Amino acid sequence: METQSKRILVVDDFAAWRRFVNTLLTVTPEWQVHGEAASGVEAIARAQELQPDLVLLDINLPDINGIEVARQLQFVIPNAKIVFLTTEPSSHLVSTALRTGALGYLLKSQLVDELLPALESVFSGNRFISKGITFQDPI
């Protein structure tokens, strides 16, 4: 039985980083980058248009920060999974991000090793937090 590929929206203001994420995902036909966005406003519009299964979302965006984008995405695409991709290891920020409903929090420095396991975990309904991050569970 063939499984349908999961449609992913990659949100980051750095185009080379979006291309890098796209390249990592091409090794697995199960994951398909369906679109990209460079800002929070664009992310919300693209999510509404594309209805992705998952959003890989940077926290530091030029207009609306990723935390607020995630809150708005809960209304625009309520069934989609959200995984933050960031350079920010702050335990407070991790807790805040997870309170938006996100299931994943990945450090960009760990992306090569952790992206695919994170997606598998999140699509199984489990949380995934990058190794080395310690935080108080907000839930």
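The following paragraphs walk through helix H1, the nonpolar cores and the ring contacts of this predicted model.

A good place to start is helix H1, which spans residues 15–25. Its buried residues are Trp 17, Arg 18, Val 21, Leu 24 and Leu 25. Viewed down the helix axis, these residues fall within an arc of 120°, so they line one face of H1. The face turned away from that buried side carries the exposed residues Arg 19 and Thr 23. Several elements help to cover the buried residues of H1, including strand S1 (6–11), strand S2 (31–37), strand S3 (54–57), strand S4 (81–86) and helix H5 (111–123).

Attention now turns to the interior. In soluble globular proteins, nonpolar side chains tend to be buried together. Here, the largest nonpolar core has 27 residues, and those with the most contacts inside it are Val 11, Leu 57, Leu 73, Phe 84 and Tyr 105. At least two residues of this core come from each of S1, helix H2 (40–50), S3, helix H3 (66–76), S4, helix H4 (91–99) and strand S5 (104–107). Leu 73 gives a view of the packing: leaving aside residues up to four places away in sequence, Leu 73 touches Ala 43, Ile 44, Ala 47, Val 55, Pro 78 and Ile 82. There is also a second, separate core of 19 residues, with Trp 17, Leu 115, Leu 119 and Phe 128 among its members.

The rings offer another way into the structure. A search of the whole structure finds 3 aromatic pairs. One of them joins Trp 17 and Phe 20, a tilted pair with 5.3 Å centre to centre and 45° between the planes. These two residues are 3 apart in helix H1, which means that about one helical turn separates them. Trp 17 counts as buried because its relative accessibility is 15%, under the 20% limit. Phe 20, with a relative accessible area of 32%, is partly exposed.

Phe 84 and Tyr 105 form a further pair, with ring centres 6.3 Å apart and planes at 45°, so this pair is tilted. It links distant parts of the chain, as Phe 84 belongs to strand S4 and Tyr 105 to strand S5, 21 residues apart. Phe 84 is buried, with a relative accessible area of 0%, and Tyr 105 is buried with a value of 0%. Both residues are also listed among those with the most contacts inside the largest nonpolar core.

A final ring contact involves a charge: Lys 6 lies over the face of Phe 123, at 5.3 Å from the ring centre.

How values were computed: Residues numbered from 1 in each chain as written. Predicted model: local features only at pLDDT ≥ 70, side-chain atom pairs only at ≥ 80, totals over all residues. Heavy atoms only, no water. Buried < 20%, exposed > 50% of the residue type's maximum accessible area, 1.4 Å probe, protein only. Helix = DSSP H or I, 4+ residues; strand = E, 2+ residues; numbered from the N terminus. Arc of directions from axis to C-beta. Contact = heavy atoms within 4.5 Å. Core = buried A, V, L, I, M, F, W, Y, C linked by side-chain atoms within 4.5 Å. Phe/Tyr/Trp six-rings, centres within 6.5 Å; stacked < 30°, edge-to-face > 60°. Lys NZ or Arg CZ within 6 Å of the ring centre and 35° of its normal.
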